[in-house]
Amino acid sequence: QLQVVESGGGLVQPGGSLRLSCAASGSSLEGYAIGWFRQAPGKEREGISYIRHNVGSTYYSEYSDSVKGRFTISRDNAKTTVYLQMNNLNDEDTAVYYCAVDRWGVGGLHEDDYAYWGQGIQVTVSS
């Protein structure tokens, strides 16, 4: 069973930045697709970004319209951690953020694309 762990959440002021990390306990993420989702209070969980396994030195990624241009997803060279760099945060970004893993390496922005989920981590944007 793959255990997925998020870290890096917290409180940030509007316009600020945070970097979330996603790792799998006891396992590399090499070859897997990783997705980031978020759920704001009273709203459904939303897929915001994902990154596929690499083809050569290139990683394919996608973003939802709500975060495109502000968030960047990346993987470390050791393929043990996936990051979500979040810039220019606003109060609409306040949510619990989840990392999810697709062992088939395809991913997507839908929950059904993933079999393994982290517990979630709170991100609060407030002055």
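## The largest pocket

A pocket, as the word is used here, is an open set of points on a 1 Å grid with protein on both sides within 12 Å along at least five of seven lines. In this structure, which is a predicted model, the largest pocket holds about 160 Å³ of space. Its lining consists of Arg 38, Gln 39, Ala 40, Lys 43, Glu 44, Glu 46, Ser 66, Arg 70, Asn 90, Glu 92 and Asp 93. Sorted by class, seven of these lining residues are charged, three are polar and one is nonpolar.

## The nonpolar cores

The largest nonpolar core comprises 29 residues, and those with the most contacts inside it are Ile 34, Trp 36, Leu 84, Met 86 and Tyr 97. At least two residues of this core come from each of strand 3 (18-25), strand 4 (33-39), strand 5 (46-55), strand 7 (71-75), strand 8 (81-86), strand 9 (95-102) and strand 11 (121-125). Another core, of five residues, lies apart from it, and among its members are Tyr 50, Tyr 98, Ala 100 and Tyr 114.

Leu 84 gives a closer view of the largest core, in which Leu 84 is one of the residues with the most contacts. If residues up to four places away in sequence are not counted, Leu 84 touches Leu 18, Arg 19 and Leu 20, together with Trp 36, Ile 48, Ser 49, Phe 71, Thr 72, Ile 73 and Tyr 97.

## Strands 4, 5 and 6

Strand 4 and strand 5 run antiparallel and are joined by five bridges, with Trp 36 standing opposite Ser 49 of strand 5. These two strands form a hairpin with six residues between them, and in the turn Gly 42 has a positive phi of about 75 degrees.

Strand 5 is also joined by five bridges to strand 6 (residues 58-63), and this pair again runs antiparallel. Ile 51 has Ser 61 as its bridge partner in strand 6. Here the hairpin has two residues between its strands, and Gly 56 in the turn has a positive phi of about 70 degrees.

## Strand 9 and its partners

Strand 9 is mostly covered, seven of its eight residues being buried. Seven bridges join strand 9 to strand 4 in an antiparallel arrangement, in which Gln 39 stands opposite Val 96. Gln 39 also belongs to the lining of the largest pocket.

Strand 9 pairs in the antiparallel sense with strand 10 (residues 116-117) over two bridges, and within this pairing Ala 100 stands opposite Trp 117. Three bridges join strand 9 to strand 11, again antiparallel, and Val 96 has Gln 122 as its bridge partner there.

## Strand 11

Side chains alternate along strand 11: Ile 121, Val 123 and Val 125 point to one face and are buried, whereas Gln 122 and Thr 124 point to the other face and are not buried. Strand 11 also pairs with strand 2 (residues 10-12), in the parallel sense and over three bridges, and the bridge partner of Leu 11 in strand 11 is Thr 124.

## The loop between strand 8 and strand 9

What is the phi of Asn 88? The value is near 50 degrees, which is positive although the residue is not glycine. Asn 88 lies in the loop between strand 8 and strand 9, and because its relative accessible area is 47%, Asn 88 counts as partly exposed.

Asn 90 has its place in the loop between strand 8 and strand 9 and is likewise partly exposed, because its relative accessible area is 27%. Leaving aside neighbours within four places in sequence, Asn 90 is in contact with Arg 70 and Val 125; both Asn 90 and Arg 70 appear in the lining of the largest pocket. The C-alpha atoms of Asn 90 and Pro 14 are 4.8 Å apart in space, although the two residues are 76 residues apart in sequence.

Asp 91 lies in the loop between strand 8 and strand 9, and because its relative accessibility is 54%, Asp 91 counts as exposed, the cut-off for that class being over 50%. Asp 91 and Tyr 59 are 32 residues apart along the chain, and their C-alpha atoms are separated by 30 Å.

Key. Residues numbered from 1 in each chain as written. Predicted model: local features only at pLDDT ≥ 70, side-chain atom pairs only at ≥ 80, totals over all residues. Heavy atoms only, no water. Core = buried A, V, L, I, M, F, W, Y, C linked by side-chain atoms within 4.5 Å. Buried < 20%, exposed > 50% of the residue type's maximum accessible area, 1.4 Å probe, protein only. Helix = DSSP H or I, 4+ residues; strand = E, 2+ residues; numbered from the N terminus. Contact = heavy atoms within 4.5 Å. Pairing = 2+ DSSP bridges. 1 Å grid on protein atoms, 1.4 Å probe; cavity = no way out; pocket = protein on both sides within 12 Å on 5 of 7 lines; lining within 4 Å. Points joined across faces, edges and corners; volume = space filled by probe spheres on them. Nonpolar A, V, L, I, M, F, W, Y, C, P; charged D, E, K, R; others polar.
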